Amino acid sequence: MVKFRLPSQILECRAASSSSSSSSSRLSHQLHADEGGECRMRGRHCEHKYEATMMSQTTICAAMRGDGGVDKARRRRIMLFFACWIGYLAVYLCRKPFAVAKANLAASLEISSPGLSFIDTAFLASYSIGAFVGGRLGDKIGVRRTLVFSMGISALSTYIFALVPSPSLPLLAIIWAVNGLAQGCPYPVFLKVLSDTFGDENMSMTAGLWSTSSYLGGAMGNAIASAMMNHRMAMSGGKTVENVWRAAFVPGSMVLMCTTAFVARIIHLYYDKKDFSSASLPAPTTARPYSAVKRKTSDSIVPVLSLSDDVDSGTVCDDGGSTGATGDGGVVLIINIIRNTPYLLSISASYFLVKLVRYSLLMWLPFMLTQAKGLSTNSAGALSSCFEMGSMIGSIFAGWACDHLASGRRLLVVWCMLLGTAFATLYYARLDLYPPTSPESCVFYEIVVLIIMGAAIAGPDTLLSGPIAQDCASNSSEKNCSSTIVGIVDGLGSIGAIFQGPYTAAIIKNSEMTQQWSNLHVSFALCLFLAALLLSSGALPDEARRKSSHHWVKALYS
């Protein structure tokens, strides 16, 4: 819940209320904030009492209008969270089928491994561009329009990929690149909705719970695609037939298309930017500009409550867009945002390294387990799923740790989890060279270490591209660009996912040599240490940061 540091002056708000005698009447309410942190709203015919520490900005606005108070605000938060969660899960259903269908696709169309890698690279490169574009569209044309546009294109391109009559490598790469471009757009927009709905201080746990949709969606996407291909094989009498890969793409596209309509409806009904905007609140009677009041935390400065009418220069759209945001468009705007947003470059660079390591483990773990450790394909797939299972646990734990262990200091949680991932990866590199003699012990150690690695790296992945990026947006001098800044962090980080293939191939010359895989894991640990170093100044307490002798580190946060 958001903690509000409200002014001591009395704010008057007039709200319309229906009555039995007339269609509406005007009630005058007064909102007080006493020294005990209690907010009380008094009216001629009603009195509502709330604790300031348990009120979100949505609840305050609803209470001041007298239109349902806490119950209506809680329902709105639940519906919007569910829409964002189920929407991003459906997005992942259209991202995973290609990985499952690769083998049959290559056999049916005689596409080589470099050709499959080319399709993968086209998708990832387009995804990073889509993150930039989606973030800007979310701020410019609004949340609902951006989600309908991007999710609809993703569903349509996935369906076309499955039914293209004469597939060829260039054509498939183009279609899948369009899907990647559309897949990159929803992430920053969903985070914008969650941030506006739950507030900055609740974003740690909210983002951790919401991120489970991507991990569960990935697992469901793999399972559905495999089941559809197996069903198609069973219908052919168990024989390997061509074009079985087409069946893997159809269910995900259908689900995403239906989910797009549901998400658009929920956004239209429950997400009204004016409910979260300072423009919906009346100007104070005093001359003090409360729009300048800020709350300083250990790692960021975020606005607490804006009460003036002229906070934003842009016009607010009904679904969260701004038609007159400050700054120029395109590349010039992104450059201005990077220059005027503290921490943005260092956080993006750290996220680049996290993405490189995480995606390399995701893409290469099954291959490494079969080639270097001699496991069967089914065993390798089951073991590699432990990494994903750990990721679900880690994303939730990271949000909980921010709220209950670190007092909201998200960079400190990320810093600790990065170091934990680095040491776990070093131990895994040692396990490559010196495995236990007993097969049962070997499998046990693999499961435990992979779960720990997945949990430890999922926390930084969730927080850096979500709540911490939102903190950067709150501390930026650029207005109406929160979704754009999240897109910048996610887009720059996604470039690391593009480079994971060439990076891994440069180190692994012979996939059967455990020494080379061990060297790769040691290099991952070094990347994670560097990522932690980039965030070290922001993770330190303020006093320790001032006394730090590493001036080049302090310069990143000056």
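Begin at the pair where helix 4 passes helix 6 in a right-handed crossing. The model is predicted, and the tour moves from this pair through other helix contacts to individual residues and, at the end, to the stretches of low confidence.

**Stop 1: helices 4 and 6**

Select residues 113-140 for helix 4 and residues 169-184 for helix 6; their axes approach to within 7 Å and cross at roughly 30°. Helix 4 is therefore roughly parallel to helix 6, since an angle under 35 degrees falls in that class. To display the contact, show side chains on both helices. On helix 4, the residues that meet helix 6 include Gly115, Phe118, Ile119, Ala122 and Phe123, and also Ser126, Tyr127, Ile129, Gly130 and Ala131. Their counterparts in helix 6 include Leu169, Leu172, Ala173, Trp176 and Ala177, together with Asn179, Gly180, Leu181, Gln183 and Gly184.

**Stop 2: from helix 6 to helix 7**

Keep helix 6 selected and add residues 186-198, which form helix 7. The axes of helix 6 and helix 7 are 5 Å apart, and the packing angle is about 15°. This angle makes helix 6 roughly parallel to helix 7. Ala182, Gln183 and Gly184 on the helix 6 side, with Pro186, Tyr187 and Pro188 on the helix 7 side, make the contact. Gln183 and Gly184 of helix 6 also belong to the set that meets helix 4.

**Stop 3: Glu110, ahead of helix 4**

Return to helix 4 and select Glu110, in the loop that lies between helix 3 (97-109) and helix 4. Is Glu110 buried or exposed? With a relative accessible area of 73%, Glu110 is exposed. Its backbone also deserves inspection: phi is positive, at about 55°, although Glu110 is not a glycine.

**Stop 4: Ser407, in another loop**

Next, select Ser407, which is placed in the loop between helix 13 (377-404) and helix 14 (410-433). Ser407 is a residue other than glycine with a positive phi, near 55°. The relative accessible area of Ser407 is 69%, so this residue is exposed.

**Stop 5: Arg246, a buried loop residue**

Select Arg246 in the loop between helix 8 (203-235) and helix 9 (250-270). Its relative accessibility is 16%, and Arg246 therefore counts as buried, the cut-off being under 20%. Which residues is Arg246 in contact with, leaving aside its neighbours within four places in sequence? They are Ala162, Leu163, Val164, Pro165 and Pro167. Add Tyr159 to the view: Arg246 and Tyr159 are separated by 87 residues in sequence, with their C-alpha atoms 9.1 Å apart in space.

**Stop 6: Leu353 in helix 12**

Select residues 344-371, helix 12, and pick out Leu353 within that helix. Leu353 has a relative accessible area of 11% and is buried. Then select Cys527, which is 174 residues from Leu353 in sequence but has a C-alpha to C-alpha distance of 6.1 Å from Leu353. Beyond neighbours within four places in sequence, Leu353 is in contact with Cys527, Leu530, Ala531 and Leu534.

**Stop 7: helices 16 and 17**

Select residues 467-474, helix 16, and residues 482-507, helix 17; they pack at an angle of about 130° with their axes 9 Å apart. Helix 16 and helix 17 are therefore oblique to each other. Their crossing is right-handed. Ala469, Gln470, Cys472 and Ala473 of helix 16 make the contact with Ser482, Ile485, Val486 and Val489 of helix 17.

**Stop 8: the whole chain**

Now display the full protein, whose secondary structure comprises 20 helices and six strands. Of its 558 residues, 52% count as buried. Among contacts between residues at least 6 apart in sequence, 74% join residues at least 24 apart. The protein exposes about 23,800 Å², of which carbon and sulfur atoms supply 62%.

**Stop 9: confidence**

Finally, colour the model by pLDDT. The mean for the protein is 74, and 71% of its residues reach 70 or more. Select residues 1-60, where pLDDT stays under 50 and the model has 132 contacts beyond four places in sequence. Residues 540-558 also have pLDDT below 50, and this stretch has 27 contacts in the model beyond near neighbours in sequence. Where pLDDT is low, the predicted coordinates should not be read in detail.

Methods. Residues numbered from 1 in each chain as written. Predicted model: local features only at pLDDT ≥ 70, side-chain atom pairs only at ≥ 80, totals over all residues. Heavy atoms only, no water. pLDDT = per-residue confidence, 0-100. Contact = heavy atoms within 4.5 Å. Helix = DSSP H or I, 4+ residues; strand = E, 2+ residues; numbered from the N terminus. Buried < 20%, exposed > 50% of the residue type's maximum accessible area, 1.4 Å probe, protein only. Areas by Shrake-Rupley, 256 points an atom, 1.4 Å probe, with all protein chains shown as cover. Axes fitted to C-alpha atoms, helices over the stretch in contact; angles between N-to-C directions. Parallel < 35°, antiparallel > 145°, perpendicular 65-115°, else oblique. Left-handed = near helix turned anticlockwise from the far one by under 90°.
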